[in-house]
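Biologist: I should like to go through this model with you, one question at a time. Please give the reasoning before each answer.

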Amino acid sequence: MFGLFSKRKRHSEQPISLASIAVDLHSHVLPGIDDGAQTLDESVQLIQALMQTGIQKIIATPHIMADYYKNTPATIHAALDKLQQHLASINLPIEIEAAAEHYYDEYFLELVKKERLILIQNKYALFEFSFANKPLNVINTIWQMVSNGITPVLAHPERYGYLTLPEVADLKERGCLMQLNTISLTGYYGKGVKDSAEKLVAAGVIDFISSDMHHTRHAEALQKALTEPVLKQLLDSNKLINASLL
Ligand SMILES: [Fe+2]
């Protein structure tokens with residue numbers, strides 16, 4: 001009997017706390033400006049779910065996609081102001097900042113060129129690729145950002161089926177940091193993504209983890225992620241730099 005159970009991956013009984021990393025830097029909690037929270041009530045639900053994991057500061061990163069969500073500093077700051085006023089009115093003590101998640105399209109390349117990216121703390125550019133097609137000219141784009149003093153951060157590298165581990169390692173060597181979605185470790189996006197997430201963790205190439213929280217299904221998956229042994233391993237490795245954004 002014991003032999004049978006000991007061969008299985010053990011899940012922690014107690015949920016792991018994210019208090020040591022303290023900052024979630026990828027979420028869609030601003031109300032009504034992308035496919036994340038649509039109302040202030042939904043924003044509050046997602047924020048409370050993050051706070052319950054031990055997160056102290058949330059950086060909201062609404063999508064910027066030329067074809068779908070053409071957010072600007074004005075739309076983002078208006079939504080942030082509205083949310084902050086609401087949080088103050090209901091006495092929910094959480095620090096929230098805003099930046100963006102840039103989609104790698106023509107508009108993104110234009111913003112890189114014009115130095116008009118919306119950055120996390122004036123330094124990090126969070127960006128994502130297409131899930132279907134391998135993007136072109138990535139090395140040059142990363143070079144342009146790094147040359148302008150910006151640190152690129154690739155969102156959820158585990159979710160791009162076409163991206164290999166040597167390619168991830170190469171992007172890192174060129175100055176691009178990697179942000180894993182914590183819920184990828186649960187199999188939320190499928191087994192392939194879970195396997196890829198575990199490989200990236202084992203290779204030691206992950207710099208940040210975050211929720212990429214859009215809705216309550218993500219909040220439930222995040223709760224589940226807190227019992228994943230690989231998450232504990234990643235936190236214990238002391239490689240994550242989320243807390244540098246406190
Ligand atoms: Fe996202």
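Biologist: In which helix is the place of Q45?

Modeller: This is a predicted model, in which local features need pLDDT of at least 70 and side-chain atom pairs count only at pLDDT 80 or more, while totals for chains, interfaces and linings use all residues. Residues are numbered from 1 along each chain as its sequence is written. Helices (H or I, at least four residues) and strands (E, at least two) are DSSP runs numbered from the N terminus. With residues 40-52 assigned to one such helix, the place of Q45 is in α2.

Biologist: Why is Q45 classed as it is in terms of exposure?

Modeller: A residue is buried if 20 or more other C-beta atoms, placed from the backbone, lie within 10 Å of its own, exposed if 12 or fewer, and partly exposed in between. Q45 has 16 other C-beta atoms within 10 Å, and therefore it is partly exposed.

Biologist: What separates the C-alpha atoms of Q45 and D236?

Modeller: These two residues are 191 residues apart along the chain. Their C-alpha atoms are separated by 29 Å.

Biologist: What is the mean pLDDT of the protein chain?

Modeller: pLDDT is the predictor's confidence in each residue, from 0 to 100. In the protein chain, 95% of residues reach 70 or more. The mean pLDDT is 95.

Biologist: In which helix is confidence lowest?

Modeller: Where pLDDT is low, the predicted coordinates should not be read in detail. Confidence is highest in strand β8 (residues 151-155), at a mean of 99. The lowest mean, 48, belongs to residues 2-6, which form helix α1.

Biologist: Why does the radius of gyration of the protein chain agree with that of a compact globule?

Modeller: The radius of gyration is taken over C-alpha atoms, and the globule rule is 2.2 Å times the number of residues to the power 0.38. For 246 residues a compact globule would have a radius near 18 Å, so the value for the protein chain agrees, at 18 Å.

Biologist: What percentage of the residues in the protein chain is buried?

Modeller: The C-alpha trace spans about 65 × 45 × 30 Å along its principal axes, and the chain has nine helices and 10 strands. Of its 246 residues, the buried ones make up 39%.

Biologist: What is the order of the open sheet of three strands?

Modeller: Two strands pair if DSSP finds at least two bridges between them. Strand β1 (residues 23-24) runs parallel to strand β2 (residues 57-60) and is joined to it by two bridges, with V23 opposite K57. β2 in turn pairs with β5 in the parallel sense over four bridges, and I59 stands opposite E97. The order is β1-β2-β5.

Biologist: Which strands are the edge strands of the seven-stranded open sheet, whose pairing is mixed?

Modeller: The order in this sheet is β4-β3-β6-β7-β8-β9-β10. Within it, β8 and β9 (residues 177-181) pair in the parallel sense over three bridges, and A155 stands opposite Q179. Two strands pair on one side only, and these edge strands are β4 (69-70) and β10 (208-210).

Biologist: Why does A100 count as buried or exposed?

Modeller: A100 is found in the loop between β5 (95-98) and β6 (101-103). Two residues are in contact if their C-beta atoms, placed from the backbone, lie within 7 Å; not counting residues up to four places away in sequence, A100 touches T61, P62, I64, N71, I76, I118 and L126. Because A100 has 26 C-beta neighbours inside 10 Å, it counts as buried.

Biologist: Which residues touch the most other members of the largest nonpolar core?

Modeller: A nonpolar core is a set of buried Ala, Val, Leu, Ile, Met, Phe, Trp, Tyr and Cys residues joined through C-beta atoms within 7 Å. Leaving aside neighbours within four places in sequence, L126 is in contact with residues including H26, A100, V153 and A155. Of the 64 residues in the largest core, those touching the most other members are V29, L30 and L126.

Biologist: Where is Q121 found, and why does it count as buried or exposed?

Modeller: Q121 is found in the loop between α4 (106-114) and β7 (124-128). Its phi is positive, about 50°, although it is not a glycine. Q121 has 11 C-beta neighbours inside 10 Å and therefore counts as exposed.
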